Amino acid sequence: MERSAFERGERVKAGPSTGSSALTRSRVRLDQPRPSRRRLLPEYDPEAFGRLSERVARFLGTGRFIVWMTIVIIAWVLWNIFAPEHLRFDQYPFIFLTLMLSLQASYAAPLILLAQNRQDDRDRVNLEQDRKQNERSIADTEYLTREIAALRMGLGEVATRDWIRSEFQDLIKEMDERRLFPAERDEGDR
């Protein structure tokens, strides 16, 4: 069975019967993925990069990083002061050390900001979820309050155990009084 050009995903020229210009139109199948395009820049996973930046930012905020950085700087300075002249790689003004520290700071600041932005996004999502949960809790509490009020109003019209007991006691007293008085009348007539 022969498939049409549309089914094959090919370009179809608009003919004179459609009234369109002779430009080629691309008919794309929506049920199939697009072919990958060649990109100039390499692709990367933003989530993986974000997780890496958070790990770096967490490490930069620890005492361990400060201790290691202090050790490296002290070793650098001591080496470049006390090592033999031909083994020194950064003379007294320590310009290369300054460059390295500036480079480290120039990478650390954006990574820390990226980690903070990701944390802000997570906090915003958590805050929204907490707000929705609070709204549901308030709605549930209001519903339960209305139900309890309706039950109290309904119980006002329902006989309670104590009320029934008191009514029975009143009836028993009344029956005893009726029984006693007719008995006295019967004795007085005799």
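This report walks through helix 3, the aromatic pairs and a nonpolar surface patch in a predicted model.

**Helix 3**

Let's start with helix 3, which covers residues 63-82. Helix 3 is 20 residues in length, and from its first C-alpha to its last it reaches 28 Å, close to the 28 Å expected at 1.5 Å a residue. Three names to look for on its buried side are F65, W76 and N80. Look down the axis of helix 3 and these buried residues fall within an arc of 20°, so they line one face of the helix. Turn to the face pointing away from that buried side and you'll find the exposed residues R64, I66 and F82. As a reminder of the geometry behind such faces, an α-helix has 3.6 residues a turn, so residues three or four places apart point the same way.

**Aromatic pairs**

How many aromatic pairs does the structure hold? There are five. Two of them are set out here, and a pair of aromatic rings is described by the distance of the centres and the angle of the planes.

| Pair | Centre to centre | Angle between the planes | Geometry |
|---|---|---|---|
| F59 and F65 | 5.5 Å | 75° | edge-to-face |
| Y92 and F94 | 5.9 Å | 65° | edge-to-face |

What about cover? F59 is partly exposed, at a relative accessible area of 36%, while its partner F65 has 15% relative accessibility and so counts as buried, the cut-off being under 20%. In the other pair, Y92 counts as exposed because its relative accessibility is 68%, and exposed means over 50%. F94, at 12%, counts as buried.

Ring pairs also join W76, F89 and F96 into a cluster. W76 is the helix 3 residue already met on the buried side, whereas F89 and F96 turn up again below, in the surface patch.

**The nonpolar patch**

Over on the surface, W79, L87, F89, F96, L99, M100, L103 and Y107 make a nonpolar patch of about 790 Å². Which helix gives the patch its largest share? That's helix 4, residues 95-157, with five residues. L87 comes from elsewhere: look for it in the loop between helix 3 and helix 4. Is L87 buried or partly exposed? L87 has a relative accessible area of 40%, so it is partly exposed. That value also clears the patch cut-off of over 30% relative accessible area.

Technical notes:
Residues numbered from 1 in each chain as written. Predicted model: local features only at pLDDT ≥ 70, side-chain atom pairs only at ≥ 80, totals over all residues. Heavy atoms only, no water. Patch = residues over 30% accessible without salt bridge, like charges linked within 9 Å, V, L, I, M, F, W, Y side chains within 5 Å. Areas by Shrake-Rupley, 256 points an atom, 1.4 Å probe, with all protein chains shown as cover. Salt bridge = Lys/Arg side-chain N within 4 Å of Asp/Glu carboxyl O. Helix = DSSP H or I, 4+ residues; strand = E, 2+ residues; numbered from the N terminus. Buried < 20%, exposed > 50% of the residue type's maximum accessible area, 1.4 Å probe, protein only. Phe/Tyr/Trp six-rings, centres within 6.5 Å; stacked < 30°, edge-to-face > 60°. Expected span 1.5 Å × (residues − 1). Arc of directions from axis to C-beta.
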